Amino acid sequence: MSERIEDDAPGVGLTTGEVARRLGVAPTTVRTWDHRYGLGPDRHTGGRHRRWTPEDVARLERMCALTATGIPPAEAARLARETPAPETGPAPSARSSPAPASRAGNGLRLGDARQECKGIARAALRLDAATLDRLLLDAIREHGLVAAWTEVIVPTLQAVGRKWESSGERYVEVEHFLSWHVSGALRRAAPDTVPGRPGATVVLACAPGENHTLALEVLSAALAERGIPVRMFGGALPVESLIAAVRRTGPAAVGLWAQSRTTASRPLAAHVASMEWGVRGARRSPSVLTLGPGWSGRPTPGTARPHGLADAVTALEGLAAR
């Protein structure tokens, strides 16, 4: 007979909802695996309350890793039950610190990143769109756009990138899938577009030939949260189009993103910084921020290079408020 634990016993483990968030699956999936395959907690609390110990969670993690490789659920459940669990420490609780990183099956190595990273990575590996959307939006709502991007989304994107690079590009579809859903989550989480104000608008664009837009998308959303009007032009904006956009908007600042040094054009950034508009005697020029790792190395004259998303938000907020 299984051991019973009193309902009010402290620190007896995780609830089903907490386990689901750790694994990156829906709570109904956890319950289905319990009812259909016998992967429920080894111990039960009184009434309807259920608590999952580290051993229980480790078994479900093996189930997730096995199904991510394409093994049918029934066979994955049998293997998960038969595989000995690693030694574990005290039972986890909802307020405990994230457990040390692990690597099971085809899981992603995420270092000491938040538990949310693991759940998002597992949902991406399974190409589980509904769960992935929910987890991304939950992270943004809980931590805010800037912290969710820096501490949850970026580490997960990096882990997925390392995964396909080290496996013969087998997981390219996972990276594309995750990037698409991150973009969608950023759009859904962003507030309504802020109307333009003379001299207070921020122009965001990728350098010509640069198509990585996610970092600009989160920057645009974070600025909109702060009531700053943004004009976002996305990837690979041609030189002539960038110059025309700057002349038409008369922005307080221009943010140019370059992921690689091959797309970072210092002459273009310097030219935009030297542009002027307005009546004679009161002409203005935009402040130009070079954003992204492509601009590393020697500085570009007449421009600023913030380090990270939070610095970029602070700098642009100050420029737009002048």
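Select D56 and R59 to begin, and show their side chains, which are joined by a polar contact of 3.1 Å; a polar contact is a pair of N or O atoms within 3.5 Å, where, within protein, one must be able to donate a hydrogen and the other to accept it, and residues adjacent in sequence count only if both atoms are side-chain atoms. The model on the screen is a predicted one, in which local features need pLDDT of at least 70 and side-chain atom pairs count only at pLDDT 80 or more, while totals for chains, interfaces and linings use all residues. Residues are numbered from 1 along each chain as its sequence is written, and side-chain values use heavy atoms, with hydrogens and water left out.

Stay with D56 and colour helix α3, residues 54–68, in which D56 lies; helices (H or I, at least four residues) and strands (E, at least two) are DSSP runs, numbered from the N terminus. D56 counts as buried because its relative accessibility is 0%, where buried means under 20% relative accessible area, exposed over 50%, and partly exposed in between, with a 1.4 Å probe and protein chains only. Leaving aside residues up to four places away in sequence, D56 touches G40, P41, D42 and R51, a contact being heavy atoms within 4.5 Å.

Next, select G119, which is found in helix α5 and counts as buried because its relative accessibility is 0%. Add A20 to the selection: although the two residues are 99 apart along the chain, the C-alpha atoms of G119 and A20 are separated by 8.2 Å. The residues that G119 touches, not counting those up to four places away in sequence, are R21, R22, L23, G24 and L135.

From helix α5 (115–125), move into the loop that leads to α6 (129–143), where L127 lies. L127 has a positive phi of about 55° although it is not a glycine. Most residues other than glycine have a negative phi. L127 counts as partly exposed because its relative accessibility is 44%.

Now turn to the sheet, an open one of 5 strands in the order β4-β3-β5-β6-β7, with parallel pairing; two strands pair if DSSP finds at least two bridges between them. Strands β4 (230–232) and β7 (303–304) stand at the edges with a single partner strand each, so one side of each is left without a neighbour in the sheet. Select strand β3 (residues 202–206), which runs parallel to β4 and is joined to it by 3 bridges, and then pick out L204, whose bridge partner in β4 is M232.

Two helices can be added to this view. Helix α11 (residues 266–274) packs on the sheet, touching β5 (253–257), β6 (287–291) and β7, and its direction makes about 160° with that of β6. Helix α12 (residues 309–320) also packs on the sheet, touching β3, β5 and β6, and its direction makes about 170° with that of β6. For these angles, axes are lines fitted to C-alpha atoms, for helices over the stretch in contact, and angles run from 0 to 180 degrees between N-to-C directions.

Keep β6 in view, for this strand is mostly covered, with 4 of its 5 residues buried. On one side, 5 bridges join β5 to β6, and L256 stands opposite T290 in β6. Strand β6 is also joined to β7, by 2 bridges, and here V288 stands opposite T303 in β7.

Return to β4 and follow the chain into the loop before α10 (239–249), where A236 has its place. The phi of A236 is near 50°, a positive value in a residue other than glycine, and A236 is partly exposed, with a relative accessible area of 27%.

The last stop is α10, whose buried residues are L242, I243, A245 and V246. They cover an arc of only 160° around the axis, which puts them on the same side of α10; the arc is that of the directions from the helix axis to the C-beta atoms. Show β3, β5 and α11 as well, since these are included in what covers the buried residues of α10. Rotate to the face turned away from the buried side, which carries the exposed residues E240 and R248. Finish at G250, which follows α10 and has a positive phi, near 55°.
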